[in-house]
Amino acid sequence: MSFALGAACSFRGVGYAYPGSSVPALEDLTFSVGEGEWVALLGANGSGKSTVARICNALLIPTQGDCSVFGLSTSDPANAFAIRSMVGLVFQNPDNQIVASVVEEDVAFGPENLGLPPQEIEARVRGALEAVGLWDRRRSATYALSGGQKQRLALAGALAMNPRMLVLDEATAMIDPLGRRKFVSLIGELKRSGKAILQITHRLEEIVGADRVLVLKGGRKVFEGTPRELFSSRKELGSLGLGVPPLVELRQELVERGLVSPQVSPTVEALAGEICP
Ligand SMILES: Nc1ncnc2c1ncn2[C@@H]1O[C@H](COP(=O)(O)OP(=O)(O)OP(=O)(O)O)[C@@H](O)[C@H]1O
Ligand SMILES: [Mg+2]
């Protein structure tokens, strides 16, 4: 397999076993995420998705194979700082990621640690909070935010570091449906601005805009293709251990009845547009 120039993150035959565990969490995993590319990572609980996220950020070092980020091997401890400043990681549980008691201070924390000038910090805080729709809440206490708002704040904290790659590990789990759609459209904008995105999610409707989808099962890659290829077979989704979202199921039924084209995306807007143009 060849790796495109400009690869943000490359896994080559990566295996990982947690200390004391006889069953590896990842086995022989090879894939890459290019700059300006949005790759979605799916898989059932325990399939190894979060382990991939931690490897991207050098929080875990492969026990087999190699992972490199913007050309730097994560196995060399001397690269850890540079890698972490290039890769923004957002986890599912925002409480572990919020460090300050006021929203804008929390977002400013990272840029302040980079020693940036105050004007630059202000601009970054504003840009990040506007991007996630929390600018109006900038003076709120972080503890008073809802779970979804905390997740958006965690994303703002990552964005304010201006990373070249974002790894989003179920970062929308607590966000309401409208907020999730906005979050997903923000991912598209970030991709178009040249960032590399690795998006981990359980929700298939969130990956429609991705360039490529990987599916893990038992720590191994069992599918790599476009979202459309993945959505084309309900049976395949089932065999990959993925629940079929109602929208995907509805689309399939409509396609089978000849009411919509097989090309249509499984989004509310696209289906409504096909049925009632
Ligand atoms: N700290 C740990 N110590 C030992 N085993 C672990 C640890 N963290 C995860 N594992 C195991 O590694 C495997 C992969 O876990 P991982 O968290 O990467 O899966 P996941 O796909 O992110 O799951 P989920 O969808 O539940 O978040 C699982 O079998 C899990 O039990
Ligand atoms: Mg996980």
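The exercises below, each with a worked solution, concern a predicted model of a protein chain with a ligand.

**Exercise 1. Overall form**

Determine whether the radius of gyration of the chain agrees or disagrees with that of a compact globule.

Solution. Start with the length: the chain has 277 residues, and a compact globule of that length would have a radius of gyration near 19 Å. The value for the chain is 19 Å, so the two agree. Next take the extents: along its principal axes, the C-alpha trace spans about 60 × 45 × 35 Å. For secondary structure, count ten helices and ten strands. Then turn to contacts: of those with a separation of 6 or more, 61% are between residues 24 or more positions apart. Finally, consider the surface. Buried residues make up 48% of the 277, and the accessible surface comes to about 12,900 Å², with 53% of it belonging to carbon and sulfur atoms.

**Exercise 2. The surroundings of ligand 1**

List the residues around ligand 1, sort them by class, and find polar atoms of N45, S50 and T51 that face an oxygen atom of the ligand.

Solution. The shell consists of Y18, A25, A44, N45, G46, S47, G48, K49, S50, T51, E170 and H202. Sorted by class, it has three nonpolar, seven polar and two charged residues. Now go through the distances. For T51, an N or O atom in the side chain is 2.5 Å from an oxygen atom of ligand 1. For S50, the partner is a polar backbone atom, 2.9 Å from a ligand oxygen. For N45, the side chain again supplies the N or O atom, at 3.1 Å from an oxygen of the ligand. As a last step, consider cover: ligand 1 taken alone exposes 630 Å², and the protein buries 58% of that.

**Exercise 3. Helix 1**

Establish how many residues of helix 1 are buried, and identify them.

Solution. Helix 1 covers residues 49–56, and six of these eight are buried, which leaves the helix mostly covered. The buried ones are K49, T51, V52, A53, I55 and C56. Compare this list with the ligand shell: K49 and T51 are among the residues around ligand 1 and also among the buried residues of helix 1. Following the chain onward, A58 lies just after the helix and takes a positive phi of about 60°.

**Exercise 4. Two residues of helix 5**

Decide whether Q149 and K150 are buried or exposed, and give their contacts beyond four places in sequence.

Solution. Locate both first: Q149 is in helix 5, residues 147–159, and K150 lies in that helix too. The cut-off for buried is under 20% relative accessible area. Q149 has 18%, so it is buried. K150 has 14% relative accessibility and therefore counts as buried as well. For contacts, leave aside neighbours up to four places away. Q149 then touches L134 and R137. K150 is in contact with P94, D95, I98, T142, Y143 and L145.

**Exercise 5. W135**

Place W135 in the chain, name its contacts beyond four places in sequence, and state its C-alpha separation from H202.

Solution. W135 sits in the loop between helix 4 (118–131) and helix 5. Excluding residues up to four places away, W135 touches R126, L129 and E130. H202 belongs to the shell around ligand 1. The C-alpha atoms of W135 and H202 are 28 Å apart, and the two residues are separated by 67 residues along the chain.

Notes: Residues numbered from 1 in each chain as written. Chains lettered and ligands numbered in written order. Predicted model: local features only at pLDDT ≥ 70, side-chain atom pairs only at ≥ 80, totals over all residues. Heavy atoms only, no water. Near = heavy atom within 4 Å. Polar contact = N/O pair within 3.5 Å; in protein donor to acceptor, adjacent residues only side chain to side chain. Areas by Shrake-Rupley, 256 points an atom, 1.4 Å probe, with all protein chains shown as cover. Nonpolar A, V, L, I, M, F, W, Y, C, P; charged D, E, K, R; others polar. Helix = DSSP H or I, 4+ residues; strand = E, 2+ residues; numbered from the N terminus. Buried < 20%, exposed > 50% of the residue type's maximum accessible area, 1.4 Å probe, protein only. Contact = heavy atoms within 4.5 Å. Rg over C-alpha atoms; globule rule 2.2 N^0.38 Å.
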